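Reader: I'd like to go through the pockets and the ligand with you. Mind if I keep asking how you know?

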Amino acid sequence: MSEKTIFKRIIDGEIPADIVHDDERCMAFRDVNPQAPTHILVIPKKEIPSIDHIADEDQMLIGHLWKVIRDIARAEDLGDGYRVIVNCGQQGGQTVDHLHFHLLGGRSLSWPPG
Ligand code: AMP
């Protein structure tokens, strides 16, 4: 059995996080190294390492994550706009092997990303 990811340890309550949402299928918490005034990570509780590992039967779960992202954006007052980013794999800049959606807002975001 490979070691638990840091996000699985947050799900299991083994390490603390600044949690903004928690339901039976997903969690959201503030990034420890925020890149914008609002920087929240939304993750499924199911251990899916990356976008590449999403199974066909995960479609409802992924739809639920987007609904939660929309609700959090409203709760965080991001009506002026925000960005959702999912890094995938080494070249995509993924550092934690547990699927996560970055929700960034509260400032003007440049394009393209680096
Ligand atoms: P990525 O590079 O897309 O895999 O994003 C991983 C993100 O997880 C980074 O933005 C980190 O700052 C964040 N992160 C790592 N450990 C923690 C933690 N314990 N609590 C909250 N965010 C974390």
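Reader: What makes up the lining of the second largest pocket, by class?

Author: Three nonpolar, three polar and five charged residues. Ala, Val, Leu, Ile, Met, Phe, Trp, Tyr, Cys and Pro count as nonpolar, Asp, Glu, Lys and Arg as charged, and the others, Gly among them, as polar. Ser2, Glu3, Lys4, Thr5 and Glu47 lie nearest the centre of this pocket, out of eleven lining residues. This is a predicted model, where local features need pLDDT of at least 70 and side-chain atom pairs count only at pLDDT 80 or more, while totals for chains, interfaces and linings use all residues. Residues are numbered from 1 along each chain as its sequence is written, and side-chain values use heavy atoms, with hydrogens and water left out.

Reader: Why is a space called a pocket and not a cavity?

Author: On a 1 Å grid over the protein atoms alone, a cavity is a set of points where a 1.4 Å probe fits but cannot get out, whereas a pocket is an open set with protein on both sides within 12 Å along at least five of seven lines. Lining residues have an atom within 4 Å of a point. The second largest pocket holds about 170 Å³ of space, and the largest pocket has a volume of about 530 Å³. Asp31, His39, Leu41, Asn87 and His102 are the closest to the centre of the largest pocket, among its 26 lining residues.

Reader: How do you know which space the ligand takes?

Author: A molecule sits in a pocket if more than half of its atoms lie within 2 Å of the pocket's grid points. The ligand's space is the largest pocket, so by that rule more than half of the ligand's atoms lie that close to its points.

Reader: What makes His100 and His102 contacts of the ligand?

Author: A polar contact is a pair of N or O atoms within 3.5 Å. An N or O atom in the side chain of histidine 100 is 2.9 Å from an oxygen atom of the ligand, so this pair fits the cut-off. For histidine 102, a polar side-chain atom lies 2.8 Å from a ligand oxygen atom, so that pair fits too. Valine 32 has a backbone N or O atom 3.3 Å from a nitrogen atom of the ligand, which means this one also passes.

Reader: Which residues surround the ligand most closely?

Author: Asp31, Asn87, Thr95, His100 and His102 are the closest of 16. To count as near, a residue needs a heavy atom within 4 Å of the molecule. By class, the shell has seven nonpolar, seven polar and two charged residues.

Notes:
Grid points are joined across faces, edges and corners, and a volume is the space filled by probe spheres set on the points. A polar contact is a pair of N or O atoms within 3.5 Å; within protein, one must be able to donate a hydrogen and the other to accept it, and residues adjacent in sequence count only if both atoms are side-chain atoms.
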